[in-house]
Amino acid sequence: MIKKILYTAALPLFLAACAGNQGGGLQEERLSGEYGAPVRMSRANDAATQVDAVPAYLLERAPRFFIGTEYRIDGVSYLPMEDMNYNETGIAGIIPVELNGTTTTNGEIFDNDKLFATHKTLPLPTIVRITNLDNGATVLARVNNRGPFVNSRTMDVSQAVAARLGMTGPTNVQITVQRQESELVRDLTLGVDGVVDNGSPGDTEGAEGTAAASGPYSVQVGAFFSRDSANAVANRIKHAGNVQVIEEGGMHKVRVVGLDAAGARRAMQAVRSENSAPGLLENGRWINPDSI
């Protein structure tokens, strides 16, 4: 049973962007239109210290659960992953009003009046608590978009979040993942309601034309700390071919393996519902997906 939870409130965060191409061996992410300087807010919202019920939309099922693969921003590498112990300080910016109504990386619609935010590596969606380190204001927000695509900021937030936090521009913040809420939203989105099928996805037959393929290429769909999360995603894409969950570097990586060039192209197309920019490896090394 899903319990209704109350929290100390404040307000939202978020951004709009899309995953994209790859270069230098790692995937590059690009915006459909990177925003510029944060919009200045009039003043802090006095409601930042009030106690409110958590808005229902923060815990709703998303169109998809997205993690993605390693990518670069101006030469700096970022590896998206599931980290329920995530606790970081950094700079947050404000998303301009012009992006209201755009589609986020995980398929949601950005609403500047909601508690939405963007982050470079957290799964989408993830529920976080954001605290303004300059004034102590705090708020729960739903991270549902990649970004910001600049190295100077850790996250960007919606105008609503900025108002609750008293932000008038780039601000020092602390970001803490809320484990219980994040796992709830993840499981609802994956359609498992907290129960994961732990079957062996690597034993399933592939889609037509891919099962017989054998070669040096692998397509990576995501990397997870949780084996259960990896298994759930693997079972969702078992139509793509020989799907395996590989333990590597302390993480569980979901890959379609044993592919020739043609099979790799088909597998990348087949998994785009889970990852708009799947990674491609040749003999264990990252390569540009457009190179085959």
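Here is a short walk through one sheet, the helix beside it, and one histidine in this predicted model.

Let's begin with the sheet. Strands of a sheet pair through backbone hydrogen bonds, either parallel or antiparallel. Here you will find an open sheet of 5 strands, paired antiparallel and arranged in the order 14-15-13-16-17. Its edges are formed by strand 14, covering 243-248, and strand 17, covering 285-287, each of which pairs on one side only. If you look at how neighbouring strands of this sheet are turned against each other, the average is 40°, with direction ignored.

Next, follow the edge at strand 14. This strand is joined to strand 15, residues 251-259, by 6 bridges, and the two run antiparallel. To find your place in this pair, look for Ile246, which stands opposite Lys253 in strand 15. Packed on the sheet is helix 3, made of residues 227-236, which touches strand 13 (217-224), strand 14 and strand 15. The direction of helix 3 makes about 155° with that of strand 14.

Now let's move to His119, which you can find in strand 8, residues 116-119. Is His119 buried or exposed? Its relative accessibility is 2%, and buried means under 20%, so His119 counts as buried. Which residues does His119 touch, not counting those up to four places away in sequence? They are Tyr86, Glu88, Val143, Asn145, Arg146, Gly147, Thr154, Met155 and Ile175. With one of these, Tyr86, there is also a polar contact: the side chain of His119 meets the side chain of Tyr86 at 2.8 Å.

Methods:
Residues are numbered from 1 along each chain as its sequence is written. This is a predicted model: local features need pLDDT of at least 70, side-chain atom pairs count only at pLDDT 80 or more; totals for chains, interfaces and linings use all residues. Side-chain values use heavy atoms; hydrogens and water are left out. Two strands pair if DSSP finds at least two bridges between them. Helices (H or I, at least four residues) and strands (E, at least two) are DSSP runs, numbered from the N terminus. Axes are lines fitted to C-alpha atoms, for helices over the stretch in contact, and angles run from 0 to 180 degrees between N-to-C directions. Contact means heavy atoms within 4.5 Å. Buried means under 20% relative accessible area, exposed over 50%, partly exposed in between (1.4 Å probe, protein chains only). A polar contact is a pair of N or O atoms within 3.5 Å; within protein, one must be able to donate a hydrogen and the other to accept it, and residues adjacent in sequence count only if both atoms are side-chain atoms.
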